[in-house]
Each structure stands twice: as structure tokens, then as C-alpha cells.
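Trainee: Please take a close look at the largest cavity in this model. I would like to know what lines it and how it sits within the rest of the chain.

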Amino acid sequence: MKRQQIVEQAMFAAWGVSLIATGASLFFSEVLKYIPCDLCWYQRILMYPLVILLGVATAKKDDKIASYALILSIIGGLTSLYHYSIQKIPALQDLGSACGIVPCNTDYINWLGFITIPFLALIAFTLISILLVIVMKNAKEK
């Protein structure tokens with residue numbers, strides 16, 4: 001497969017992940033009526049622009065946006081990891097109670113005992129970050 005093809009497919013996949021993550025967060029809040037906590041809002045602030053940035057970059061075949069989008073994705077992933085830690089590590093759970101109207105240690109969902117909304121966001125940010133690193137690596141070599 002040509003490097004340009006790898007770059008285009010990885011950009012498209014990163015955009016797709018950001019679109020699904022954004023749609024899922026809107027589904028949780030607008031359809032299921034889950035009120036986002038403060039940390040959820042920060043994660044949304046970092047995810048939502050990725051839909052637009054990666055969508056435009058994919059359409060224009062502009063791989064230079066990858067480094068900028070990667071910064072948003074890494075910060076979002078670290079925020080998600082912190083949020084997930086507050087939910088799942090007993091020693092940190094007290095930090096979540098001072099998080100605003102909705103406590104950040106609230107588990108709206110807890111599938112299989114470990115899959116929560118911040119965990120899903122962490123997976124999305126991680127996938128986007130990996131895909132953007134692939135874009136950057138292959139864009140340099142084409």
C-alpha cells in the first residue's frame with residue numbers, strides 16, 4: 001500500500017473515531033439525559049473540535065493538521081485517564097465529589113464492571129492518537 005494511501009486512510013479513521021465519540025457523548029446527554037460532570041465537559045471540549053479539524057483535513061488531504069490534532073487528543077486522553085482513575089481507584093474517589101453539580105465519580109454506565117463513559121473517551125482519544133502518529137510517520141516518508 002502506498003504511503004499516501006496509508007495517510008489518507010488513517011486520517012479518515014481518526015475522523016471516524018472522533019465522529020462516533022462525539023455522537024456517543026451527545027446520545028448519552030441528549031437522549032439518555034445523563035448530565036455531564038465538569039471533567040466530561042473538558043473531554044468534550046477536546047473531542048468536538050477534532051471532528052471538524054480531522055474532517056476538513058481528510059477532505060483536503062492535509063496531513064499537516066495531524067500534529068495539532070495530536071496535541072488535543074493527548075490532552076483529552078490524559079483528562080479521560082484522570083477521570084477514569086477518579087471513578088475506579090478507591091483512594092481517588094473523594095476527588096470526584098468536589099467536581100461540580102454532578103460528581104465526577106458518578107458511573108452512569110458500568111458495563112462489565114470497568115467500561116464507563118470516561119473509559120470509552122480514553123479509548124477514543126487513544127485510537128485517534130495512534131492513528132495520528134501513523135499519519136505523521138507516513139507523511140514524513142512519502
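**The largest cavity and its surroundings**

Mentor: Two helices, H1 (3–31) and H2 (38–60), each supply at least two residues of the lining of the largest cavity. Bear in mind throughout that the model is predicted.

H1 provides the largest share of that lining, with four residues. The full set of lining residues is Gln 4, Val 7, Glu 8, Met 11, Ala 57, Thr 58, Lys 61, Asp 62 and Asp 63. Sorted by class, the lining holds four charged, three nonpolar and two polar residues. The space enclosed is about 50 Å³, and the structure has one cavity of 30 Å³ or more.

The chain around this cavity consists of four helices and zero strands, and in sequence order the pattern reads α-α-α-α. Along the principal axes, the C-alpha atoms fill a box of roughly 50 × 30 × 25 Å. Of the 142 residues in the chain, 42% are buried. If contacts are restricted to residues at least 6 apart in sequence, 72% of them join residues at least 24 apart.

One lining residue leads on to the packing between helices. Met 11 lines the largest cavity, and Met 11 is also a member of the largest nonpolar core, where it is among the residues that touch the most other members, together with Met 47, Leu 50, Leu 54, Ile 128 and Leu 132. That core has 23 residues. Two or more of its residues come from each of H1, H2, helix H3 (66–88) and helix H4 (117–141). The largest contribution to this core is that of H4, with eight residues.

Leu 54 shows how this packing looks from a single position. Leaving aside residues up to four places away in sequence, Leu 54 touches Met 11, Ala 14, Trp 15, Ser 18, Ala 69, Ile 128 and Leu 132. Apart from the largest core lies another core, of seven residues, including Cys 37, Leu 39, Val 102 and Cys 104.

The open space in the model can be set beside the enclosed one. The largest pocket has a volume of about 470 Å³. It is lined by 32 residues, and those closest to its centre are Ala 21, Ser 25, Ile 117, Leu 120 and Ala 121. H1, H2, H3 and H4 each supply at least two residues of the pocket lining, and H1 gives the most, with eight residues. By class, the lining of the largest pocket has 23 nonpolar, seven polar and two charged residues.

As for annotation, the unreviewed UniProt entry lists residues 12–29, 41–58, 65–84 and 111–136 under "transmembrane region". In the model, residues 41–58 are 100% helix and 0% strand, with the end C-alpha atoms 26 Å apart. Residues 111–136 are 77% helix and 0% strand, and there the end C-alpha atoms lie 34 Å apart.

To return to the request: the largest cavity holds about 50 Å³ of space, and its lining draws at least two residues from each of H1 and H2. Through Met 11, which is part of that lining, the description of the cavity connects to that of the largest nonpolar core.

How values were computed. Residues are numbered from 1 along each chain as its sequence is written. This is a predicted model: local features need pLDDT of at least 70, side-chain atom pairs count only at pLDDT 80 or more; totals for chains, interfaces and linings use all residues. Side-chain values use heavy atoms; hydrogens and water are left out. On a 1 Å grid over the protein atoms alone, a cavity is a set of points where a 1.4 Å probe fits but cannot get out, and a pocket is an open set with protein on both sides within 12 Å along at least five of seven lines; lining residues have an atom within 4 Å of a point. Grid points are joined across faces, edges and corners, and a volume is the space filled by probe spheres set on the points. Ala, Val, Leu, Ile, Met, Phe, Trp, Tyr, Cys and Pro count as nonpolar, Asp, Glu, Lys and Arg as charged, and the others, Gly among them, as polar. UniProt positions are given in the numbering used here, feature names are shortened, and annotations may be inferred rather than shown by experiment. A nonpolar core is a set of buried Ala, Val, Leu, Ile, Met, Phe, Trp, Tyr and Cys residues joined through side-chain atoms within 4.5 Å. Buried means under 20% relative accessible area, exposed over 50%, partly exposed in between (1.4 Å probe, protein chains only). Contact means heavy atoms within 4.5 Å.
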